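These notebook entries record what I looked up in one structure, in the order in which I looked.

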Amino acid sequence: MPGSSRPLYQMKAEFFKTLGHPIRIRVLELLSQREHAVSEMLAEVDVEAANLSQQLAVLRRAGLVTARREALSVTYAITSPEVAELLAVARTILTGVVASQAEALEQSA
């Protein structure tokens with residue numbers, strides 16, 4: 001089996017694994033609003049600089065973010081507006097799930 005012919009479902013699973021970390025999700029949410037310098041993200045995401053750097057590297061390798069150096073800082077951006085759309089859809093799904101769970105709890109009380 002040639003290396004480039006992995007099934008799409010396998011590629012999707014790897015994609016969702018990349019998204020499967022709270023810091024990476026938070027970073028993508030921030031970058032969905034606008035570009036951010038690393039220092040700005042550090043102020044918003046409560047993690048050590050080394051951890052943030054590691055998570056940004058994972059997102060960069062996956063092709064979800066790009067980085068560009070500006071003088072002494074590095075600024076990140078999402079590579080595709082669909083990433084922001086995906087996060088918005090996830091929020092909508094979770095809002096519905098939470099509402100359904102609350103409704104079920106009320107009915108069982």
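**Entry 1: Thr18.** I began with the accessibility of Thr18 in this predicted model. Is Thr18 buried or exposed? Its relative accessibility is 15%, and because buried means under 20%, Thr18 counts as buried. I then placed Thr18 in the chain: it belongs to helix H1, which covers residues 8-19. I asked which residues Thr18 is in contact with once neighbours within four places in sequence are left aside. The list is Arg24, Val58, Leu59, Ala62 and Leu64.

**Entry 2: an aromatic pair.** I searched the whole structure for aromatic pairs and found one. Phe15 and Phe16 form it, with 5.3 Å from centre to centre and 75° between the planes. The pair counts as edge-to-face, because planes over 60 degrees apart are classed in that way. I also looked up how accessible the two residues are. Phe15 has a relative accessible area of 30% and is partly exposed. Phe16, at 48% relative accessibility, is partly exposed as well.

**Entry 3: helix H4.** Val58 and Leu59, noted above as contacts of Thr18, led me to helix H4 (49-61). I checked the length of H4 first. Its 13 residues, at 1.5 Å a residue, should span 18 Å, and the end C-alpha atoms are indeed 18 Å apart. Which residues of H4 are buried? They are Leu52, Gln55, Leu56, Ala57, Val58 and Leu59. I recorded what these buried residues pack against: H1, H2, helix H3 (38-44), E2 and E3. H4 lies across E2 and E3, and runs at about 120° to E2. After H4 comes Gly63, with a positive phi near 80°.

**Entry 4: the sheet.** I next asked in what order the strands of the sheet are arranged. Three strands form an open sheet in the order E1-E3-E2, with antiparallel pairing. Strand E1 (36-37) and E2 are the edge strands, each pairing on one side only. H2 packs on this sheet and touches E1, E2 and E3; its direction makes about 85° with that of E3.

I then went through the bridges. E1 and E3 run antiparallel and are joined by two bridges; Ala37 has Thr75 in E3 as its bridge partner. How many bridges pair E2 with E3? There are six, in the antiparallel sense. Along E2, I noted that Val65 is the bridge partner of Ile78 in E3, that Ala67 is the partner of Tyr76, and that Arg68 stands opposite Thr75. The hairpin of E2 and E3 has two residues between the strands, and in this hairpin Ala71 takes a positive phi near 55°.

I also looked up how enclosed E3 is. Five of its six residues are buried, so E3 is largely enclosed by the rest of the structure.

**Entry 5: Ala67.** I returned to Ala67, which lies in strand E2 (residues 65-70). Its relative accessibility is 38%, so Ala67 counts as partly exposed. Not counting residues up to four places away in sequence, Ala67 touches Arg60, Val74, Thr75 and Tyr76. Tyr76 in that list is the bridge partner of Ala67 already recorded. I took one further distance: Ala67 and Thr79 are 12 residues apart along the chain, and their C-alpha atoms are separated by 9.8 Å.

**Entry 6: the nonpolar core.** Last, I looked up the largest nonpolar core, which has 18 residues. Which residues have the most contacts inside this core? They are Val27, Leu28, Leu31, Met41 and Tyr76. Helix H2 (22-33), helix H4 (49-61), strand E3 (73-78) and helix H5 (81-108) each supply at least two residues of this core. H2 gives the most, with five residues.

I followed Met41 further. Leaving aside neighbours within four places in sequence, Met41 is in contact with Val27, Leu30, Leu31, His36, Leu52, Leu56 and Tyr76. Among these, Leu52 and Leu56 are buried residues of H4.

Note on methods. Residues are numbered from 1 along each chain as its sequence is written. This is a predicted model: local features need pLDDT of at least 70, side-chain atom pairs count only at pLDDT 80 or more; totals for chains, interfaces and linings use all residues. Side-chain values use heavy atoms; hydrogens and water are left out. Rings of Phe, Tyr and Trp (its six-membered ring) pair if their centres lie within 6.5 Å; planes under 30 degrees apart count as stacked, over 60 as edge-to-face and the rest as tilted. Buried means under 20% relative accessible area, exposed over 50%, partly exposed in between (1.4 Å probe, protein chains only). Helices (H or I, at least four residues) and strands (E, at least two) are DSSP runs, numbered from the N terminus. Contact means heavy atoms within 4.5 Å. A nonpolar core is a set of buried Ala, Val, Leu, Ile, Met, Phe, Trp, Tyr and Cys residues joined through side-chain atoms within 4.5 Å. Two strands pair if DSSP finds at least two bridges between them. Axes are lines fitted to C-alpha atoms, for helices over the stretch in contact, and angles run from 0 to 180 degrees between N-to-C directions. The expected span of a helix is 1.5 Å times one less than its number of residues.
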